[in-house]
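User: Please take a close look at the ligand site of this model and at the parts of the protein that can be described along with it. I would like one connected account with the distances spelled out.

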Amino acid sequence: MKHILIIGATGQIGSELTMELRKRYGNQNVVAGYILGAEPKGELKESGPSAIVDVTDGAMIESVVREYHIDTIYNLAALLSVVAESKPKLAWKIGIDGLWNVLEVAREQGCAVFTPSSIGSFGSSTPHTKTPQDTIQRPRTMYGVTKVTTELLSDYYFNKYGVDTRAVRFPGIISNVTPPGGGTTDYAVDIYYSAVKGEKFVCPVKEGTLMDMMYMPDALNAAIMLMEADPAKLIHRNAFNIAAMSFGPETIFQAIKKHVLEFEMVYNIDPLKQRIADSWPDSLDDTCARNEWGWKPAYDLESMTVDMLEKLRAKLK
Ligand code: AKB
């Protein structure tokens, strides 16, 4: 990885991944790709090159890849699970037509490609606890359909054309820089903002709804580690289960309340979010990622909570 393009660089993961990659590979070697209306700001804008890259426009991707001599693309353009249910056609256009454009450019220009999958690629018929790496993937959400297709298409381009495609299945990502938008796991970010602002948190999913979650530094590390991994050791490619912690709302609430004694939470269930959450695994088995490329998370719920509260207090004061 010498010259990197991030498509979707101003989103929740993209904004922090761009900065982390610039730290590791040099500011000038990492291009922040964005769409009109979601321009980079502040440090993201000032610290390195940026370019308009609409994933639905193959010619635009190709021209940026040529201009900056890109050899690695992190393709983060996607609609999250809840919003994809209300805009299924757009979710397909961005997630799959967009991916096709990225893979075609990668094939012609010799780029490696990372396009994340998700715990959303699983469905109700998948084993729910310690979900294996290779198992049933029959999701009923449009987000899930696009994620399974992403995995298949990425593997297809590797097997047929030798394009170096690799990915992880991200759990809910918790971060304090750019808020997520339209996901089922967003509540696990929102709850920290409520705690720091002194507000009562209204939780959209029921007590006992377990889902895998991960702190952003671990998520960034996973993506970069996998792209740097020795290809000879990779038995799998698209996409690896990774895991750090699994909890329900009552557990994250208690973890925060230990540090914010007056914090309160009530439930007001959102039926769509609950339906999606119920169809996702309670916890993933990430043995293959650990064995094939050394995956290991650094944060658990307690250490993440301490860091989130400290960072948000500084940000919101
Ligand atoms: C979502 O909730 O849609 C995402 C995901 C788990 O992929 N955060």
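Analyst: A polar contact here is a pair of N or O atoms within 3.5 Å. The model is a predicted one, and in it a polar side-chain atom of S118 lies 2.7 Å from an oxygen atom of the ligand, so this pair falls within the 3.5 Å cut-off. A second contact to an oxygen atom of the ligand, also at 2.7 Å, comes from a backbone N or O atom of T184, while T185 places a polar side-chain atom 2.9 Å from a nitrogen atom of the ligand. Taken alone the ligand exposes 250 Å², of which the protein buries 93%. The residues around the ligand are L80, S81, S118, I119, Y143, P171, G172, G183, T184, T185 and W280.

Next in sequence to one of these residues is the helix α10, residues 271-279, in which S279 has its place. S279 counts as buried because its relative accessibility is 13%, under the 20% limit. A polar atom of the S279 side chain lies 2.8 Å from the backbone oxygen of I276, and, leaving out residues up to four places away in sequence, S279 touches F122, G123, S124 and H128.

Turning to the nonpolar interior, the largest core has 64 residues, among which I174, Y187, Y192 and F247 touch the most other members. Helix α5, residues 88-109, gives the most to this core, with eight residues, and the core draws at least three residues from each of domain 1 (4-171 + 215-241) and domain 2 (172-213 + 245-281 + 299-316). Beyond its neighbours within four places in sequence, Y187 is in contact with F201, C203, P204, V205, M211, M213, F247, G248, P249 and I252. A second, separate core of 32 residues includes V30, A222, L234 and W295.

Some backbone geometry also deserves a careful check. Most residues other than glycine have a negative phi, and most peptide bonds are trans. K130, in the loop between β6 (117-118) and α6 (142-161), has a positive phi near 50 degrees, and K130 is exposed, with a relative accessible area of 52%. H69 likewise has a positive phi of about 50 degrees although it is not a glycine; H69 is found in the loop between α3 (58-67) and β4 (72-75) and counts as exposed at 59% relative accessibility. A cis peptide bond, with omega about 10 degrees, joins N238 and A239, and A239 is found in the loop between α8 (216-228) and β12 (240-241).

Note on methods: Residues are numbered from 1 along each chain as its sequence is written. This is a predicted model: local features need pLDDT of at least 70, side-chain atom pairs count only at pLDDT 80 or more; totals for chains, interfaces and linings use all residues. Side-chain values use heavy atoms; hydrogens and water are left out. A nonpolar core is a set of buried Ala, Val, Leu, Ile, Met, Phe, Trp, Tyr and Cys residues joined through side-chain atoms within 4.5 Å. Buried means under 20% relative accessible area, exposed over 50%, partly exposed in between (1.4 Å probe, protein chains only). Helices (H or I, at least four residues) and strands (E, at least two) are DSSP runs, numbered from the N terminus. Domain bounds come from an automatic or database domain assignment. Contact means heavy atoms within 4.5 Å. A residue is near a molecule or strand if one of its heavy atoms lies within 4 Å of it. A polar contact is a pair of N or O atoms within 3.5 Å; within protein, one must be able to donate a hydrogen and the other to accept it, and residues adjacent in sequence count only if both atoms are side-chain atoms. Accessible areas come from the Shrake-Rupley method with a 1.4 Å probe; for residues, only the protein chains shown count as cover.
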